[in-house]
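Reader: I am a first-year student and I should like a close look at a single part of this protein. Please describe the largest pocket, and then set that part within the rest of the chain.

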Amino acid sequence: MNFKVGMISLGCPKNQVDGEVMLEKLNKSGFEIAQSIEDSDVMIINTCGFIEDAKREAIETILEVAEYKTAGLISAIVVTGCLAERYQDEILKEIPEVDSVIGIGADRDIVKVCQKALIGVQTSFYPEKKYLLLEGDRMLSTPSHWAYLKISDGCDNKCSYCAIPSIRGSYIERPMESIITEAKSLADKGIKELIIIAQDTTKYGVKLYGEYKLAELLKELVKIDGIEWIRLFYCYPDRITDELIGVIAGEEKICSYIDIPLQHCNKDILRTMNRNGSYDSLKEVLLKMKEKIPNLALRTTFMVGFPGESDEQFEELCRFIKDIKFDKLGCFTFSPEEDTPAFDFDNQIDEDVKKRRAEVLMDIQYSITEESNKSRVGNVYRVVIDKKENSHYLGRSYLDSPEIDSGIIITSGRELKSGDYINVKITDYDGYDLIGEEI
């Protein structure tokens, strides 16, 4: 009898890639991959534990799956990922329905863990984080035409609010040959869009080669037949070199799109966050990129309500957003995380103030997006089709990353399929979404 295993993967794309590697290990070992909880013998919950909302979602998910076990619909529950790494045996203690809890360094042993869980053997171990999965064959959970490509993991930046270094460990990276081999394998499977991810992609190369190598890596990836788009995520502003800007500007396959998590623009707030930069220095980098990279789409995230953030500092952030006019912008409120320096900082901000500031920021961004979308009416873009929905299609131009950005609602006089690249003329917009027709 082949046992069936299901997985719920929460949190960031890096965690999702870890889950895909685990699923492929299980599949190769003889487990059948289930598509639902009730169809599973063992359920793996690959958790996130970055901020309070993520922890709450992870715990609620574990409790929901535990109800299936209590009802006799599944036999075993395995918890891994960042919440498991962070809280370890507390999960077993607080949620007795869970059979096994393992750290991220134990993901490579997921087959044995599931086998033991099914015969009633509890597993709880947390190897060194240097053993976390950086590479391996994957059972892709993304649509058939795009995939994430993880080039490194862990982080040495030690931002004062962030628990990732203590959860994921020190910065580690993959050899370039390994990354290129995986990218070729993905292209052979029909993947057309690669989304480059890490905790800090712009740092790539420092550990193995002693210098920044992201630009060189991109030059190799664009040579791969079948790859149409390459998209960059999690780029730190102080590591965006002239060489990198030149490669993005000069290579047709690299989307003129870059995600730069800035967090704030006020130099005092940034210094307290243990980050570099100021209003002027960040503006200089961003304007330089806009000047050198034609039609660049900038995505960022900001944090509001960091301890001590004054009204004046928040207003400076609002001015910065109006000044730069980001194409895509996310905002989250400061979450005091235990075992981080900012947890004990003085002048913590009231939750209602945090929420109001986040709302103000997103209102500003909505106006910017509306103005931007209005200016795009009449333009023609190369668009990839993601799926059909009723009588129309949902797609994306280079401006939009899957899963997190808005997209384009498209009409066409012919039948299209996911992964098709077509030309679309923008005819209108609706909130964050553009509306267009194939030409």
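Author: The account below begins with the largest pocket, turns to particular residues, and then widens to the other spaces and the chain. The model is a predicted one, and every value that follows was computed from it.

The largest pocket holds about 1,200 Å³ of space. Its lining is made up of 49 residues, and those nearest the centre of the pocket are Cys12, Pro13, Lys14, Phe50 and Tyr234. Several elements of secondary structure take part in this lining. Three strands, β1 (4-9), β13 (297-304) and β14 (328-333), each supply at least two residues, as do the helices α1 (13-29), α2 (52-70) and α6 (164-168). Among the contributors, α1 gives the most, with seven residues. In chemical terms, the lining of the largest pocket consists of 25 nonpolar, 14 polar and ten charged residues.

Tyr234, one of the residues nearest the centre of the largest pocket, merits separate attention. Tyr234 is placed in the loop that runs between β11 (229-232) and α10. Is Tyr234 buried or exposed? The relative accessible area of Tyr234 is 18%, and a residue under 20% counts as buried, so Tyr234 is buried. The backbone of Tyr234 also deserves a remark: its phi is positive, about 55 degrees, although the residue is not a glycine.

Gln199 offers a second point of entry, since Tyr234 and Lys14 are among the residues that Gln199 touches. Gln199 sits in the loop between β10 (193-197) and α8 (206-209). With a relative accessibility of 11%, Gln199 counts as buried. Leaving aside residues up to four places away in sequence, the other residues touched by Gln199 are Ser152, Asp153, Gly154, Cys155, Ile164, Arg168 and Tyr236.

Lys158 may be set beside Tyr234. Lys158 belongs to the loop between β8 (152-153) and α6. Phi of Lys158 is near 55 degrees, which is a positive value in a residue other than glycine. As to accessibility, Lys158 is exposed, with a relative accessible area of 52%, whereas Tyr234 is buried.

The second largest pocket has a volume of about 480 Å³. Its lining has 21 residues, and Glu252, Ile254, Cys255, Ser256 and Tyr398 are the closest to its centre. Two or more residues of this lining come from each of α10 (242-250), β12 (254-259) and β15 (380-389). Divided by class, the lining of the second largest pocket has twelve nonpolar, two polar and seven charged residues.

Cavities form the next topic. How many cavities of 30 Å³ or more does a search of the whole structure find? The search finds three. In the largest cavity there is about 110 Å³ of space. Its lining includes Asp327, Lys328, Thr369, Ser372, Asn373 and Arg376, and also Leu399, Asp400, Ser406, Gly407, Tyr432 and Leu434. Helix α14 (residues 351-376) provides the largest share of this lining, four residues. The classes represented in the lining of the largest cavity are three nonpolar, five polar and four charged residues.

The second largest cavity has a volume of about 40 Å³. Val17, Val21, Leu133, Leu134 and Glu135 belong to its lining, together with Gly136, Arg138, Lys150, Arg174 and Glu182. By class, that lining divides into four nonpolar residues, one polar residue and five charged residues.

These spaces may now be placed within the chain. The secondary structure of the protein chain comprises 14 helices and 19 strands. The chain is as compact as a globular protein of its length, because its radius of gyration of 22 Å is close to the 22 Å that the globule rule gives for 439 residues. Along the principal axes, the C-alpha trace spans about 60 × 60 × 45 Å. Of the 439 residues in the chain, 56% count as buried. Contacts within the chain can be described by separation in sequence: among those with a separation of 6 or more, 73% are between residues 24 or more positions apart. Finally, the protein chain exposes about 19,100 Å², and carbon and sulfur atoms supply 46% of that area.

Definitions and conventions:
Residues numbered from 1 in each chain as written. Predicted model: local features only at pLDDT ≥ 70, side-chain atom pairs only at ≥ 80, totals over all residues. Heavy atoms only, no water. 1 Å grid on protein atoms, 1.4 Å probe; cavity = no way out; pocket = protein on both sides within 12 Å on 5 of 7 lines; lining within 4 Å. Points joined across faces, edges and corners; volume = space filled by probe spheres on them. Nonpolar A, V, L, I, M, F, W, Y, C, P; charged D, E, K, R; others polar. Rg over C-alpha atoms; globule rule 2.2 N^0.38 Å. Buried < 20%, exposed > 50% of the residue type's maximum accessible area, 1.4 Å probe, protein only. Contact = heavy atoms within 4.5 Å. Areas by Shrake-Rupley, 256 points an atom, 1.4 Å probe, with all protein chains shown as cover.
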